[in-house]
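Visitor: Could you take me through one part of this model in detail? I'd like to see how the strands in one sheet line up, and then how that part fits into the rest.

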Amino acid sequence: MLSRIADSMYWMNRYVERAENYARFMDVNFNLSLESAPDVKQQWKPLVDITGDWPLYESLYETVQKEKVIYFLGFDPQNPNSIYNSIIKARENARAIRPELTKEVWEQINHVYFLMKDGCKKKSWKNKDPRIFFNKVKEGCQLLYGIFTTTISRNDGWHFGKIGQLIERADKTSRVLDVKYHILLSTPNDIGSPLDLAQWAALLKSVSAYDMYRKKYGRLTTLNICEFLILDKVFPRSINFCLIQAGKSLNTITGLNDGYSNDAEKQLGKLKAQLQFVDIHDIFSDGLHEYIDDFQEKLNTISTAIYKSFFANKYVESNIKT
Amino acid sequence: MQRVSFRDYDVRGFYDEMFSGSEAVRPSYRLFKDFLEKTSWKKLKSLQHSTDRAQLSLGMTFNVYSDNQGVERILHLDIIPRIISGEKWDHLTKGLEQRIVALNLFIHDIYNAQKVIKDNIIPKDLVLSCASYLKQCIGLKPPKNVWSHISGTDLIRGGDGNFYVLEDNLRCPSGVSYMLENREILKRTFPEMFEQLKVRPVLDYSHCLRDMLESLTDFEGASIVVLTPGIYNSAYFEHAYLAQQMGAELVEGRDLVVQNGYVYMITTNGLQKVDVIYRRVDDAFIDPLVFNKNSLLGTPGLFEAYLKGNVVLVNAPGAGVADDKAVYAYIPRLIKYYLNEEAIIPNIKTHICSEEKDFKYVIENLENLVVKQTDGSGGYGMLIGPHATRAEIAEFKEKVKNNPRNYIAQPMISLSRVPTLCENEIQGRHVDLRPYILYGKEVRVIPGALTRVALKKGSLVVNSSQGGGSKDTWVLDN
């Protein structure tokens, strides 16, 4: 398959996943803020923190306010990662590979795109409950996954798309986990308190993990929740699951069962192995936040390796010679 | 319930495609008119509304050059079709076949023996000064000696009810995807009409296109690609659409690389050879080594690979020499010269500003003429004398004086009108007609066309970039 098309497939899926996850972030913060004690101020800065775009926010806005944060993460054309920009870029990539997609996939991408445009026009960030809008975005993206799954052939394009989606999802699950690090509890004594656990529950719900978690562990504990979201092998949003599946897609593309044939496979294999041979106590003794930081860095390395192994034009030199 | 009515429909002043007088409906429109009159106004409006929505969700959008990047518009599709009788169509088909054969003989002659110049049929200077004339193509013999495989000819119908050729598009004519998608949409809008009217199908265009492209190589299983400038090009929707319909790869210049004289696609799995390129990139941009050095859209070495016969470019570079608007004036004479036939579809009378007598006439009569740039397209760079301000006329007078070779002038033609759905009633709007012609082993004219309609009342400019819309064109069976 054309390198450029593989690249666009990968990014189209990443951007859709990103848009959906940002919509989830809005939800988690709303839920957290609703669960917090009456005397605790609503916290919107952590939401910007976990996206990694705090420096940009700071340069654009003087104060942290609910409406501004919602605008910044959802609608702001100046924020390259806002839902608005993710959807625009997802559609732009889809347009570039239109012949690879089915009519149904293309129409659903357009649907989400027009939904977003409409939200901008109607200034949906000013709504009393913006969650309604973000829910529509989330559902629009989920419908897209469904149509994608049921209409696209399992060719290389599909697998590149899948890898993009899974890497983005792993990244975002890790960031959701990290939100707890950034949320300020009133005192250290609050750790393990009902408030603390309520926040963890809200967080689980934000990644649709609450029900599956309850089924497996029953009781809510910090340790188990982290174990579930990082290491679970069968929950589809856990970091480990995402990497295992991404590895399978990568192997399908290269036709390799074991070892590695390029840097992308090597880097992904290393990170997979690291997750396979670690338990949650190891992670906590190193510090959860530090672990997640390190994980995100390695995920970036994988992304770069995928670019270099499959998408980059290695023929520029010969181009000139002809 | 308010029904659709033509009681106040104004047919005066122009050839109307539906009515031959204030009461008399033309035979090809009889059934459709009866159907409309049984339809409620509200229903008709809601059908139009669903059409708009269908276009949006299909992503049938185009970018307008003068707008900011990323501004997309839909080409408004008016649901009232343009209907042409089978008899009229068959006549047009003969004329289009004749014309494209003659034009290809002309292009081949110009780049090879130049007999037409030696026999004093057309002035040498006029041909060699065409913006689209490429000296790099001298001596070139493309497969089957065909240069313009895919063309679209703009026809108009004058006040006398006759069709005329307005211009030829021999390079990258666009709009065929709208012909195909408009039909798909209208089949949903008026299914009962298709049952009753025996409209000739256009469905197999993409198959014919693929067959034609495959016929240009001598072996089975040729790898065919569509080359696009990318998603910001105004016709990108069409490029993607055609690639998808033909099952061809849609590539950009940066996806291709030339090695040892062959063209390859860059894939995740290494290089893959390309045999036929349906390119929607202009001549000047296909290869920075030969043409525009700053082109980022092209592939270095592509032209050389083409000259070596290792890849087929469709259409052939240099074909545009025959759709220069100054050459246009000579086409009836070219048809006579090459085929010894009279032109079946006539030209519009054309004044060539580089010829002294014509120049004088044009300068003195600008306010009555339509002046066009000889290498222009898309409705840009033209003056419609009767509608222009004094300042615009003065400005054009200077332009023509400074560079007469760059301009031609024609009398103003009152384009025919087709009933069109407007805000509160149905009114006549001016239209043209662009049929599409494929030329590989043989010439094929698809029984359908893009009818472009000037949506603004009284306007004669049908170009999509200038506020035009489109209509589905129904060619009836005999």
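Guide: Let's start with a bit of vocabulary: two strands count as paired if DSSP finds at least two bridges between them. Keep in mind that this is a predicted model. With that in hand, look at strand 16 of chain B, where Gln410(B) is the bridge partner of Val370(B). That match belongs to a longer run: strand 14 (residues 369–373) and strand 16 (residues 407–411) of chain B are joined by five bridges, in the antiparallel sense.

Now zoom out a little. These strands sit in an open sheet of four strands in chain B, ordered 13-16-14-15, and the pairing is antiparallel. Strand 13 (351–352) and strand 15 (382–384) of chain B are the edge strands; each has a single partner strand, so one side of each has no neighbour in the sheet.

What about the rest of chain B? The chain is split into domain 1 (204–314) and domain 2 (350–412). Between the C-alpha centres of these two domains of chain B there are 37 Å.

Finally, chain B also meets chain A. The contact involves 24 residues from chain B and 23 residues from chain A. On chain A's side, helix 1 (3–35), helix 5 (83–96), helix 6 (103–121) and helix 16 (316–321) each put in at least two residues. Helix 6 of chain A gives the most, with five residues. Sorted by class, the side of chain A that touches chain B comes out as 10 nonpolar, seven polar and six charged residues.

Methods. Residues numbered from 1 in each chain as written. Chains lettered and ligands numbered in written order. Predicted model: local features only at pLDDT ≥ 70, side-chain atom pairs only at ≥ 80, totals over all residues. Domains from an automatic or database assignment. Contact = placed C-beta atoms within 7 Å. Nonpolar A, V, L, I, M, F, W, Y, C, P; charged D, E, K, R; others polar.
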